[in-house]
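Please open the structure in a viewer and keep the selection tool at hand. The tour proceeds by selections, each followed by a description of what is found there.

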Amino acid sequence: MRIDILTIFPEMFRGPFDYGIVRRARERGLVEIAVHDLRDFAADKHRTVDDRPFGGGEGMVLKPEPIFRAVEHLLGEQFDRERAAVILLTPQGRRFTQAMAAYLATRERLVLICGRYEGVDERVAGYLATHELSIGDYVLTGGEVPAMVIVEAVVRLLPGALHRAESARRESFAAGGILDYPQYTRPAEFRGLRVPEVLLSGHHAEIARWRRRMALAKTLRNRPDLLEKAALSEEDRQLLEELRDM
Ligand code: ADE
């Protein structure tokens with residue numbers, strides 16, 4: 001996979017792809033990531049990328065020409081929408097989810113356009129981007145951090161990016177649809193706080209049951225909305241009834 005990022009702040013991307021799983025994936029040749037300064041695609045000598053909004057109002061809007069030129073430079077004028085995704089990051093986008101990450105991980109090329117200022121000329125969303133995405137219901141100062149979020153979520157799903165042990169746990173959101181169970185490590189007692197005894201017992205079946213129960217309890221408390229769509233067994237439903245009564 002190749003990922004191209006278009007931004008007016010390329011310096012913000014020094015660092016985030018140089019650690020952990022993303023770094024390893026790059027070193028293994030699973031993904032190539034390039035960051036481009038949108039100003040390099042401006043047509044005038046001042047390298048202008050923004051202008052005042054038609055109709056009046058506060059602030060500046062990113063102009064369409066540099067963005068269209070940049071994407072056409074990267075993908076050609078008629079790119080294949082089956083192989084490439086062109087993603088505009090704005091708070092007005094569709095919510096980015098694990099399912100969307102899994103879909104994007106199947107593309108050969110991603111172009112991430114970081115929105116800025118008070119907006120991006122709507123012709124970018126309407127005629128250039130294949131997707132307009134938001135990473136959540138809060139407003140950031142631009143699409144740079146959201147682009148980093150998407151890169152990380154997608155790259156770890158590329159075949160070969162995770163070790164076997166890592167992969168086994170990665171489906172929490174995607175498949176089962178509930179939150180992960182709580183983890184503990186040594187020491188068994190820390191400032192008087194003891195690790196749950198069952199985890200020290202060596203009873204694998206009991207540990208599995210306890211973990212499922214704790215995952216359900218956490219989901220019920222923090223994300224009850226997930227339970228509506230989750231794949232739950234009859235035993236899960238009984239556990240949930242008990243938890244609800246507590
Ligand atoms: N730009 C500003 N806020 C954003 C968000 N929540 N998601 C994507 N892009 C953004």
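The stops below lead from the domains to the ligand and then to two points of backbone geometry.

This is a predicted model, and the tour should be read with that in mind.

**The two domains.** Begin by colouring residues 2-155 as domain 1 and residues 172-245 as domain 2, the two parts into which the chain is divided. Taken over C-alpha atoms, the centres of domain 1 and domain 2 are 37 Å apart.

**The ligand and its shell.** Next, select the ligand, which occupies the second largest pocket. Then add the residues around the ligand: Leu-89, Thr-90, Pro-91, Leu-133, Ser-134, Ile-135, Gly-136, Tyr-138, Val-139, Leu-140, Gly-142 and Pro-146. Colouring this shell by class shows 8 nonpolar residues, 4 polar residues and no charged ones.

Now display the strands. Strand E5 (84-95) and strand E7 (131-134) each contribute at least two residues to the shell around the ligand. The largest share, 3 residues, is supplied by E5.

**Polar backbone atoms at the ligand.** Which distances deserve a label here? Select Thr-90, where a backbone N or O atom lies 3.3 Å from a nitrogen atom of the ligand. Move to Gly-136, which has a backbone N or O atom 3.2 Å from a ligand nitrogen atom. Finish with Leu-140, where a polar backbone atom is 3.0 Å from a nitrogen atom of the ligand. With a surface switched on, consider how the ligand is enclosed: on its own it has 260 Å² of accessible area, and the protein covers 98% of that.

**Two points of backbone geometry.** Most residues other than glycine have a negative phi, and most peptide bonds are trans. Two places in this model depart from those patterns.

Select Arg-47 in the loop between strand E2 (32-37) and strand E3 (50-51). Arg-47 is not a glycine, yet its phi is positive, at about 60°.

Finally, select Arg-186 and Pro-187, which are joined by a cis peptide bond with omega near 5°. Pro-187 belongs to the loop between helix H7 (172-176) and strand E8 (189-190).

Key:
Residues are numbered from 1 along each chain as its sequence is written. This is a predicted model: local features need pLDDT of at least 70, side-chain atom pairs count only at pLDDT 80 or more; totals for chains, interfaces and linings use all residues. Side-chain values use heavy atoms; hydrogens and water are left out. A residue is near a molecule or strand if one of its heavy atoms lies within 4 Å of it. A polar contact is a pair of N or O atoms within 3.5 Å; within protein, one must be able to donate a hydrogen and the other to accept it, and residues adjacent in sequence count only if both atoms are side-chain atoms. Accessible areas come from the Shrake-Rupley method with a 1.4 Å probe; for residues, only the protein chains shown count as cover. On a 1 Å grid over the protein atoms alone, a cavity is a set of points where a 1.4 Å probe fits but cannot get out, and a pocket is an open set with protein on both sides within 12 Å along at least five of seven lines; lining residues have an atom within 4 Å of a point. A molecule sits in a cavity or pocket if more than half of its atoms lie within 2 Å of its grid points. Helices (H or I, at least four residues) and strands (E, at least two) are DSSP runs, numbered from the N terminus. Ala, Val, Leu, Ile, Met, Phe, Trp, Tyr, Cys and Pro count as nonpolar, Asp, Glu, Lys and Arg as charged, and the others, Gly among them, as polar. Domain bounds come from an automatic or database domain assignment.
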